[in-house]
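Colleague: Could you walk me through how to read a structure, one feature at a time?
Modeller: Gladly; let us open it and start with a single residue.

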Amino acid sequence: MADTSDTRTPAQIEADIRRRREVLAETLDEIGVRVHPKTIVGDAKAKVVANVDHTLGRAYVQVNRAVSEVRARFVDESGAPRLERVVPVALVAVGVVGLLTLRSRRRRG
């Protein structure tokens, strides 16, 4: 059987109750702040911003990697253009632009 005798004085018991009430009041204040709509919205916005920042950072790395790979294909180590690769791509680009221009003129006229 548990010992239920208390050797504290009434003043000590009152002090313990007072301290416990103060701790509970702080806890309730904290809960009130956490469940306040503005706090919830602010936390949600912060999560979204963090996720967007993370996603944008990953996208930036991917784009930077792709640009570096393309640059490596069209520029040699010294920085000079590789004409054997640049000229065919330029000809194809001019051909595509020319075809699109002819096609748009035919639609108008």
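**Reading a loop and its surroundings**

Modeller: Val75 sits in the loop that joins α2 (37-74) to α3. Keep in mind that this is a predicted model.

Colleague: Is Val75 buried, exposed or partly exposed?

Modeller: The general idea is to look at the relative accessible area, where under 20% counts as buried and over 50% as exposed. Val75 has a relative accessible area of 26%, so Val75 is partly exposed.

Colleague: Which residues is Val75 in contact with, leaving aside its neighbours within four places in sequence?

Modeller: Here we look for heavy atoms within 4.5 Å. With those neighbours set aside, Val75 touches Ala80, Pro81 and Arg82. You can also compare sequence and space: Val86 is 11 residues from Val75 along the chain, and their C-alpha atoms are 8.8 Å apart.

Colleague: Where is Arg82, and what is it in contact with?

Modeller: Arg82 also belongs to the loop between α2 and α3. Beyond its neighbours within four places in sequence, Arg82 makes contact with Ala72, Arg73, Phe74, Val75, Asp76 and Glu77. For one of these, Ala72, the separation is 10 residues in sequence and 9.5 Å from C-alpha to C-alpha.

Colleague: Let us step back. How many helices and strands does the protein have?

Modeller: Count the elements, then read their order. The protein has 3 helices and 0 strands, and from the N terminus the order is α-α-α.

Colleague: What does the radius of gyration tell me about the protein?

Modeller: Set the value beside that of a compact globule with as many residues. For 109 residues such a globule would come near 13 Å, whereas the protein has 36 Å. Along the principal axes, the C-alpha atoms fill a box of roughly 100 × 45 × 30 Å.

Colleague: And how much of the protein is buried?

Modeller: Of its 109 residues, 2% count as buried. The accessible surface is about 10,100 Å², and carbon and sulfur atoms account for 62% of that.

Colleague: How far apart are the mean positions of the positive and negative charges?

Modeller: Average the places of each kind of charge, then compare the two points. For the 20 positive and 14 negative charges here, the mean positions lie 20 Å apart.

Colleague: What about the pLDDT of the protein?

Modeller: Where pLDDT is low, predicted coordinates should not be read in detail. In this protein the mean pLDDT is 90, and 95% of residues reach 70 or more. Among the elements, helix α1 (residues 10-34) has the highest mean, 95, and helix α3 (residues 83-108) the lowest, 90.

Technical notes. Residues are numbered from 1 along each chain as its sequence is written. This is a predicted model: local features need pLDDT of at least 70, side-chain atom pairs count only at pLDDT 80 or more; totals for chains, interfaces and linings use all residues. Side-chain values use heavy atoms; hydrogens and water are left out. Helices (H or I, at least four residues) and strands (E, at least two) are DSSP runs, numbered from the N terminus. The radius of gyration is taken over C-alpha atoms; the globule rule is 2.2 Å times the number of residues to the power 0.38. Buried means under 20% relative accessible area, exposed over 50%, partly exposed in between (1.4 Å probe, protein chains only). Accessible areas come from the Shrake-Rupley method with a 1.4 Å probe; for residues, only the protein chains shown count as cover. Lys and Arg count as positive and Asp and Glu as negative; His and the chain ends are not counted. The place of a charge is taken as NZ of Lys, CZ of Arg, CG of Asp or CD of Glu. pLDDT is the predictor's confidence in each residue, from 0 to 100.
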